[in-house]
Amino acid sequence: MAKKIRVYISGPITGTTDYMERFEAAEKRLNGEYSVINPAKVNSNMPEDTTHEEYMKMSICMLSMCDAIFMLNGWEDSIGACEENIYALKNGIRIFIVNTLYLLCDLLVISPVLLRCFSALRISLSVKPVSDANFDMEDGKEPRSISSPL
């Protein structure tokens, strides 16, 4: 049996109240065809005094075990999700993006929020052409990956 692609779910958690439901819905949608890591579920077992930095260490560790990252709506507004996206870009992890306005053809158009993340972290990217990566969980289409060999 062929190894399933392992996918990490990423999206806003801090400052939201419905993150468990959103992450669970994504996990249910992806389970079966993919092996899924739901960090909201895993991190919910951490002690109450766990800091954001400690959550991010755990999250990056889980992401490093994955072949792809699945970016939920609103990820651009989450510092943690931006960090995970940058980690994926830097480490050649495929990126699945939900309901974005990204246009990916011969050039990669990066959101201003993500550019601020790159600037704040002093990260420089040399971006190579990638394919279209829009994916709507509601339309039943499978994710198409962004392959970014940085």
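In which element does Arg-6 have its place? In this predicted model, Arg-6 belongs to strand 1, and we can use that strand as the starting point for a walk through the chain.

Before following single residues, it helps to have the whole chain in view. The chain is made of five helices and five strands, and, read from the N terminus on, these elements follow one another in the order β-α-β-α-α-β-α-β-α-β. Of the 150 residues in the chain, 40% are buried, while the chain as a whole exposes about 8,500 Å², of which carbon and sulfur atoms supply 55%. If we consider the contacts between residues at least 6 apart in sequence, 67% of them join residues that are at least 24 apart.

Arg-6 gives an example of such links between separate parts of the sequence. Its C-alpha atom is 5.7 Å from that of Val-36, although the two residues are 30 residues apart in sequence. When residues up to four places away in sequence are not counted, Arg-6 touches Ser-35, Ile-37, Met-65, Cys-66, Asp-67 and Ala-68. With Met-65 there is also a polar detail, for a polar atom of the Arg-6 side chain lies 3.2 Å from the backbone oxygen of Met-65. Arg-6 counts as partly exposed because its relative accessible area is 27%, a value that falls between the limits of 20% for buried and 50% for exposed.

Strand 1 covers residues 6-10, and Ser-10 lies in it as well. Is Ser-10 buried or exposed? With a relative accessible area of 0%, Ser-10 is buried. Leaving aside neighbours within four places in sequence, its contacts are Phe-23, Ile-69, Phe-70, Met-71, Leu-72, Ala-81 and Glu-84. The side chain of Glu-84 also makes a polar contact with the side chain of Ser-10, at 2.5 Å.

After the strand comes Gly-11, which sits in the loop between strand 1 and helix 1, the helix of residues 19-30. Gly-11 is buried too, because its relative accessible area is 7%, below the 20% limit. Its C-alpha atom is separated by 6.8 Å from that of Asn-73, a residue 62 places away along the chain. Beyond its neighbours within four places in sequence, Gly-11 is in contact with Phe-23, Leu-72, Trp-75, Ser-78 and Ala-81.

One of these partners, Ser-78, leads us to another loop, the one between strand 3 (68-71) and helix 4. Ser-78 counts as buried at 12% relative accessibility, and, with neighbours within four places in sequence left aside, it is in contact with Gly-11 and Pro-12. Ile-79, by contrast, has its place in helix 4 and is exposed, with a relative accessible area of 63%. The C-alpha atoms of Ile-79 and Thr-14 are 9.1 Å from each other, while 65 residues separate the pair along the chain.

The last stop is the empty space. Rolling a probe the size of a water molecule over the atoms shows where such space is left. The largest pocket has a volume of about 390 Å³, and among the 20 residues that line it, Ile-13, Thr-14, Asn-43, His-52 and Tyr-55 are the closest to its centre. Helix 2 (39-43), helix 3 (52-64) and helix 4 (79-90) are the elements that each give two or more residues to this lining. Sorted by class, the lining of the largest pocket holds 10 nonpolar, eight polar and two charged residues.

Methods. Residues numbered from 1 in each chain as written. Predicted model: local features only at pLDDT ≥ 70, side-chain atom pairs only at ≥ 80, totals over all residues. Heavy atoms only, no water. Helix = DSSP H or I, 4+ residues; strand = E, 2+ residues; numbered from the N terminus. Buried < 20%, exposed > 50% of the residue type's maximum accessible area, 1.4 Å probe, protein only. Polar contact = N/O pair within 3.5 Å; in protein donor to acceptor, adjacent residues only side chain to side chain. Contact = heavy atoms within 4.5 Å. Areas by Shrake-Rupley, 256 points an atom, 1.4 Å probe, with all protein chains shown as cover. 1 Å grid on protein atoms, 1.4 Å probe; cavity = no way out; pocket = protein on both sides within 12 Å on 5 of 7 lines; lining within 4 Å. Points joined across faces, edges and corners; volume = space filled by probe spheres on them. Nonpolar A, V, L, I, M, F, W, Y, C, P; charged D, E, K, R; others polar.
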